[in-house]
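This briefing sets out the main architectural features of the protein shown below. Please read it alongside the sequence and the coordinates.

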Amino acid sequence: MGELPRAYDRAAMTNFLLTRRTFNTQLAAAALTTALPAAAASGPAAQVARLADAYMDAYWRLFPLDATENTGDAVYEGLFAVDIAPAAREQQRALYRRTLAQLEAIPRAALEGQAALTWDVLKFDAQDKLARLAYPSHLVPVGHIDALPVKLSQWASGDAAQPLATAQNQAHFLVRLKGIPAWIDQAIANMKEGMARGFTLPRPLVERTLPQLAELLPADVAQSPFLAASRKFADARMAAAYRRVVEREVTPAVARLRDFMAGPYLAAARTTAGLAHVKGGREWYATLVRSSTTSSASAAELHELGLREVERIRAEMAALRARFDFKGELDEFIQWVGKLPANRPFRSEDEVIAAYEAINERVKARLPRLFERSPKAALQIRPIEPIRRATASDNYVPPSVDGARPGVFYVVVQEPGDYQRMSMNALFLHEGQPGHHYQMALQRELGASKFLQSTWYDAFGEGWALYAESLGHDLGVYDEPLALMGRLQMELHRALRLVVDTGLHDKGWSREETMAFLRSKEGSTEEFARRATERYMAWPGQALAYKAGELKIIQLRERARAALGGRFDIRAFHARALEGGCVPLALLEARIDAWIAAQRSNG
């Protein structure tokens, strides 16, 4: 196992934040043993298992598109819900409250193993969702990150989360296409309410959304992205049904949305960037911080942590200059490296994809050194769909629970000649394997619990993926100085997120201030800084999760190494970290502490 650089001052970086307990938990060491036995046939363990699965089923029925994306379960494939409607939000609130009341009736002290884990995660999940529901996210339902009409246009290709291979698949998706107009009408009503209450999207985010909506409105309806797969349907009647729904219902609804957002909504859009300028915004942001980091750390503490991490990583970059024989200042060096011809060798999107395939083959050969098992689901590498290319970032979509749909790493290539080779190794480890693919695909294999198969917390999920980037030393992908610089640049970007996300939403930074800070610290182009800043404007708090989770995992690994000495096994540590699925950080800590105690007692 490669050691962290000596410049990494773990005490200074982690003590005040990452030794906190995420929420009050009564976990004893025995509650999170590595065996994680299945619930018994009767008694409290069976009760909590049934409650968790019922909760998950009710949640997926309230959010059936999320069910398709995260589980691939055909039970939800033909369902559609206008989840931003007032009645739907009341149903959501009732579910969370009812679940918490039922959970409290099950004695926590009577549980152990997977049942105890389920009880604790379920309590956190319902409390977290209930807290976030107190704030008006439904008043800004359409944006450039993940607008529902755009998502369904992508799924209409048949190559995304929604399968369109069989007649039943096609009939199911037609239900969802028919649901788009009702969702759009509710979204417009919500945005009008937001305008009346003085809460809208920032103007630049509206401007980024309009081109996406325009892509859904080609002059010839036959070329609509909603009809992409239907043009190849074997059943002409089904293809005709798609054409009628898209032409008569979906296209007019999308045009209404486009016209509304380009007209009155754009005129009313706020000129401020973050929640700090919205009434009650700082309190809302504090809730999002707790949700994203699964931590009690404040925005101010995270801001200071980010500033220290930025300086640490920049110091490592400064030390790396000698391997390039560069004599200038650090900021000059960062700019110079980015412009090296060796960093921009690509002439086509296909060449970029081929380079990632080569990285994958190299990494796969060495993963057994660090992991006891690999996911059953395959990993595919694909270019992003054209409609998302202008606004999306590289991302990963997990496999279905049954493994029929593979995990997919989507690569965003704007201009092949501008695509930087130096960051590709770290990015692949993050989005592919052993990052998101290992964590999420292995989670899908937790067959005893639908609930634990499906949970997602940014602090663990994104924290694991960032931690996976650090494993590149052991996987042999950072031997080249350029690749190591790419790794540091990506880590610097995540540290900067701590600073700028809190700057925008707690300290009241403007969009322009945020872009200028990013450019001054990482040497990014104006376009890159703009895209990053607008992501943080649209998704408050999410960017904090990466470093919070990564630092916790590193802290736990080093705690285990110190406690076990020569008996420390990195493969066993990784197995323990991943075996319970995606959980709040306090539960991960309890599991690792229990494993350490068990190893010491067996020694």
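**Packing around Met261**

Apart from its neighbours within four places in sequence, Met261 is in contact with Val142, Met191, Leu201, Val206, Thr209, Leu210, Leu213 and Leu266. The model is predicted. The points below place Met261 in its core and then turn to the chain as a whole.

**Nonpolar cores**

- The largest nonpolar core holds 168 residues, and Met261 is one of the members that touch the most others, together with Leu177, Tyr356 and Phe573.
- Helix H9, spanning residues 236-268, supplies the largest share of this core, with 15 residues.
- A second core is separate and consists of 15 residues, among them Leu275, Trp284, Val289 and Leu305.

**Fold and dimensions**

- The protein chain contains 23 helices and three strands.
- Its radius of gyration is 24 Å, which agrees with the value near 25 Å for a compact globule of 603 residues.
- Along the principal axes, the C-alpha atoms fill a box of roughly 70 × 70 × 50 Å.
- Among contacts with a separation of 6 or more, 77% are between residues 24 or more positions apart.

**Burial, surface and charge**

- Buried residues make up 59% of the 603 in the protein chain.
- The accessible surface amounts to about 23500 Å², and carbon and sulfur atoms account for 51% of this area.
- The protein chain carries 75 positive and 70 negative charges, and the mean positions of the two sets lie 2 Å apart.

Terms used:
Residues are numbered from 1 along each chain as its sequence is written. This is a predicted model: local features need pLDDT of at least 70, side-chain atom pairs count only at pLDDT 80 or more; totals for chains, interfaces and linings use all residues. Side-chain values use heavy atoms; hydrogens and water are left out. Helices (H or I, at least four residues) and strands (E, at least two) are DSSP runs, numbered from the N terminus. The radius of gyration is taken over C-alpha atoms; the globule rule is 2.2 Å times the number of residues to the power 0.38. Buried means under 20% relative accessible area, exposed over 50%, partly exposed in between (1.4 Å probe, protein chains only). Contact means heavy atoms within 4.5 Å. Accessible areas come from the Shrake-Rupley method with a 1.4 Å probe; for residues, only the protein chains shown count as cover. Lys and Arg count as positive and Asp and Glu as negative; His and the chain ends are not counted. The place of a charge is taken as NZ of Lys, CZ of Arg, CG of Asp or CD of Glu. A nonpolar core is a set of buried Ala, Val, Leu, Ile, Met, Phe, Trp, Tyr and Cys residues joined through side-chain atoms within 4.5 Å.
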